[in-house]
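Me: I am new to this structure. Please take a close look at one part for me, the metal site, and at the sheet around which the account can be built.

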Amino acid sequence: MEDLERILDNNRTFAREITKTDPGFFERNAGKQEPHFLFIGCADSRVPLEMLTGVLPGEMFVHRNIANQVIPADLNLLSVLQYAVEVLDVKHVIVCGHLQCGGVGAAMSDNSYGLVDHWLAGVRETRRRHHDELAAFQHNDERFERLVELNVLRQVHSLSRTPIVQEAWKRGARPLLHGMVYGLSDGLLKVLISGIDGQDAVRRAFETDRKRVGY
Ligand code: CO
């Protein structure tokens, strides 16, 4: 029970500290949310999206799953995306991967991990498509890092193909799509791709990949 007591104690401190600096904060927050960001991240415990970006409650809508996948048939993700884009009208949708991602690591190997293999099929597909680029690296950790990046880029591309984002772009130039990677060993976000605001930007960003690996 010590673990549980610790987090409940931390929670009381959290509520007290915010109330001290802004006494009406929680009441206002309970009324409505107007987040500017939808973050799609990995479920990994070392990637606490709100903590590492320093946002307050109400500023970030969040969806997390293993290896930050944007799978077009995933009703959970699509529901989050639709609500964020069509109701909350978020300005930014950010796919955030991270180095040393266990999900991407599993997709790097040819071992079988059970159910999660189905979930990670898309990452394995990315690995196959980029086989030549990945094989050119001398060290495995460089290959691993690049596959983490390619996986994020692939998910940004998948996002851009969803009818939800396509329809939103027809109405105006938002949301902006971005792809980032979080470094576990330095705590920093690296931006891979940013400001994708329509079909032309998608075409420009993925032109090389489309020619080379057929996206
Ligand atoms: Co991960």
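Reply: Here is the metal site, followed by the sheet and some salt bridges.

This is a predicted model, in which local features need pLDDT of at least 70, side-chain atom pairs count only at pLDDT 80 or more, and totals for chains, interfaces and linings use all residues. Residues are numbered from 1 along each chain as its sequence is written, and side-chain values use heavy atoms, with hydrogens and water left out.

Start with the metal. Three residues coordinate the cobalt ion: Cys42 through SG, His98 through NE2 and Cys101 through SG. Their distances run from 2.0 to 2.3 Å. Donors here are N, O and S atoms within 2.8 Å of the metal (3.2 Å for Na, K and Ca); water is not among the atoms, so sites may look incomplete. Along the chain, the donors follow the spacing C-x55-H-x2-C. Cys42 belongs to strand β1 and His98 to strand β3, so this pair ties together parts that are 56 residues apart in sequence. Strands (E, at least two residues) and helices (H or I, at least four) are DSSP runs, numbered from the N terminus. Cys42 and His98 are both buried. Buried means under 20% relative accessible area, exposed over 50%, and partly exposed in between (1.4 Å probe, protein chains only).

Now the sheet. It is open and has five strands, in the order β2-β1-β3-β4-β5, with mixed pairing. Two strands pair if DSSP finds at least two bridges between them. β2 (60–65) and β5 (189–196) are the edges; each has a single partner strand, so one side of each lacks a neighbour in the sheet. From one strand to the next, the twist averages 15 degrees. Strand β3 (residues 92–98) pairs with β4 (residues 176–182) in the parallel sense, over seven bridges. In that pairing, His92 has Leu176 of β4 as its bridge partner.

A helix crosses here too. Helix α9 (residues 140–161) lies across β1 (37–42), β3, β4 and β5, at about 160 degrees to β4. Contact means heavy atoms within 4.5 Å. Axes are lines fitted to C-alpha atoms, for helices over the stretch in contact; angles run from 0 to 180 degrees between N-to-C directions.

Last, the charged side chains. The whole structure holds 17 salt bridges, each a side-chain nitrogen of Lys or Arg within 4 Å of a carboxyl oxygen of Asp or Glu. One network links Glu133, Arg146, Glu149, Lys190, Asp209 and Arg212. Lys32 and Glu34 form a salt bridge at 3.2 Å, N to O. Both Lys32 and Glu34 are exposed.
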